[in-house]
Amino acid sequence: MSNHSAPLLARGHLDPMDQDLNQNSLTSSRKRRLRRCRSAPRGDCMYNDDEDVKTDEPPPHRSIIPMFRDLNPNLREVILFFVLYLTTGTLCFYLVRNQISGNKTNGVLDAVYFCVVTMTTVGYGDLVPSSSTSRLLACAFVFSGMVLVGHLLSRAADYLVERQETLLAKAFDLRKTVGPTEILKELHTKLRHKCYVTFLVLVVLVLVGTIFLVMFEKMPVIEAFYCVCSTVTTLGYGDRSFNSGTGRLFAVFWILTSTICLAQFFLYVAELNAETKQRELVKWVLTRRITNNDLEAADLDGDGVIVAAEFILYKLKEMGKIDEEDIDGILQEFEQLDYDDSGTLTNSDLILAQTTS
């Protein structure tokens with residue numbers, strides 16, 4: 001280094017490489033501060049400086065069953081509830097098998113078959129409770145089965161919300177490397193493929209069920225297809241059903257698979273419709289430019305300067321995630337906790353606010 005450049009460095013004139021390093025360090029530090037701003041932050045939150053992600057987050061609970069380890073926690077919970085329901089229902093209906101009338105084949109098989117038909121609300125009518133005890137038991141399992149289905153639908157709704165949030169997050173992330181058109185095309189194509197695959201599986205299940213009824217239950221083709229449709233849609237008129245032991249063994253697996261596949265297909269269709277609307281919002285967010293009016297609206301404290309927190313709140317309001325009432329309630333809580341009216345919260349503020357209350 002020359003003697004002429006040394007005084008410049010001493011007076012604070014850094015070379016371009018040092019300036020870039022300082023700028024990257026400042027940006028990473030700012031991101032960490034923003035991401036640590038959670039509703040209930042942990043005191044030991046740590047972020048990786050290179051990737052800006054949490055490094056000390058406790059690993060999610062892993063199931064001791066190998067096949068469940070990679071499943072979504074919500075899906076794992078639904079499967080456990082389903083296995084518990086099916087096991088309990090089979091045991092109960094087997095114990096009251098003599099109080100169930102109809103076309104019987106095998107005690108255990110009939111119990112499983114009756115439990116599945118009850119849970120899916122197919123209700124063929126080929127096996128019916130004939131005593132007060134069995135009828136009360138059937139009523140209990142009908143309602144518990146509906147609760148299980150409602151739980152499944154609730155998890156499906158959570159899945160839809162998560163997918164929409166992921167869509168927005170991924171869109172903002174992809175914007176760094178590709179344009180809005182490529183982003184929207186990639187996100188929409190995957191869901192369409194899911195719809196096509198699910199519909200194809202559903203068609204195969206309908207064909208398999210129809211062929212099985214023709215070959216093993218000796219039904220005409222039209223009646224077999226009619227029975228399949230009434231089963232998949234859980235209508236279950238009862239004039240056609242699985243009567244043989246082989247047919248009911250097949251029905252235990254086929255009814256569950258076909259009804260779940262149909263529900264999954266409708267879920268993907270609903271998600272596709274919701275994502276189409278969400279894509280319009282994403283496209284608007286990606287292509288819209290910030291104006292002076294937006295800056296004025298985002299300036300919550302009216303000081304003429306927009307900080308990151310104000311900009312984030314404005315964008316959340318713009319996307320419909322929060323409204324003015326939510327912000328007012330949060331600001332009121334902040335003012336109550338800000339005991340010294342300094343505009344910031346410290347441990348002393350919290351202690352004084354708790355002591356006063």
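Leu 295 sits in helix α9, which covers residues 292–298. Helices here are DSSP runs of H or I with at least four residues, strands are runs of E with at least two, and both are numbered from the N terminus. Because its relative accessibility is 37%, Leu 295 counts as partly exposed. That label has simple limits: buried means under 20% relative accessible area, exposed means over 50%, and partly exposed lies in between, using a 1.4 Å probe and protein chains only. The C-alpha atoms of Leu 295 and Val 305 are separated by 8.6 Å, although the two residues are 10 apart along the chain.

A word on what you are looking at: this is a predicted model, in which local features need pLDDT of at least 70, side-chain atom pairs count only at pLDDT 80 or more, and totals for chains, interfaces and linings use all residues. Residues are numbered from 1 along each chain as its sequence is written, and side-chain values use heavy atoms, with hydrogens and water left out.

**The overall plan**

The protein chain holds 12 helices and two strands. Followed along the sequence, they appear as α-α-α-β-α-β-α-α-α-α-α-α-α-α. Of the chain's 357 residues, 29% count as buried.

UniProt, in an unreviewed entry, places the feature "transmembrane region" at residues 78–96, 108–127, 133–153, 195–216 and 249–270. Such positions are given in the numbering used here, feature names are shortened, and annotations may be inferred rather than shown by experiment. In the model, residues 78–96 are 95% helix and 0% strand, with end C-alpha atoms 27 Å apart. Residues 249–270 are 100% helix and 0% strand, and there the end C-alpha atoms lie 32 Å apart.

**Helix α4 and the core**

Where does the core draw its residues from? The largest nonpolar core has 39 residues, and Phe 93, Tyr 113, Phe 242, Trp 254 and Ile 255 touch the most other members. Two or more residues come from each of α3 (73–95), α4, α5 (132–174), α6, α7 and α8. The biggest contribution is that of α4, with nine residues. A nonpolar core is a set of buried Ala, Val, Leu, Ile, Met, Phe, Trp, Tyr and Cys residues joined through side-chain atoms within 4.5 Å.

Helix α4 is largely enclosed by the rest of the structure, because 11 of its 13 residues are buried. Among them are Leu 109, Asp 110, Tyr 113, Phe 114 and Met 119. At 1.5 Å a residue, the 13 residues of α4 should span 18 Å, and its end C-alpha atoms are indeed 18 Å apart. The expected span is 1.5 Å times one less than the number of residues.

**Salt bridges**

A search of the whole structure finds four salt bridges. Each is a side-chain nitrogen of Lys or Arg within 4 Å of a carboxyl oxygen of Asp or Glu. The table shows three pairs.

| Nitrogen side | Oxygen side | N to O distance |
|---|---|---|
| Arg 248 | Asp 110 | 2.9 Å |
| Arg 240 | Glu 223 | 2.8 Å |
| Lys 317 | Glu 324 | 2.7 Å |

In the last pair, Lys 317 is partly exposed at 29% relative accessibility, and Glu 324 is partly exposed at 39%. Elsewhere, salt bridges with shared partners join Asp 110, Asp 126 and Arg 248 into one network.

The bridge between Arg 248 and Asp 110 has a distance of 2.9 Å, N to O. This pair links distant parts of the chain, with Arg 248 in helix α8 (residues 245–287) and Asp 110 in helix α4 (residues 107–119), 138 residues apart. Arg 248 is buried at 0% relative accessibility, and Asp 110 is buried at 8%.

**Helix α7 and a surface patch**

Helix α7 (residues 221–232) has 12 residues and an expected span of 16 Å, which agrees with the 16 Å between its end C-alpha atoms. Its buried residues are Ala 224, Cys 227, Val 228, Ser 230, Thr 231 and Val 232. Just after α7, Thr 234 takes a positive phi of about 60°.

Phe 216 belongs to helix α6 (residues 180–216) and counts as partly exposed because its relative accessibility is 45%.
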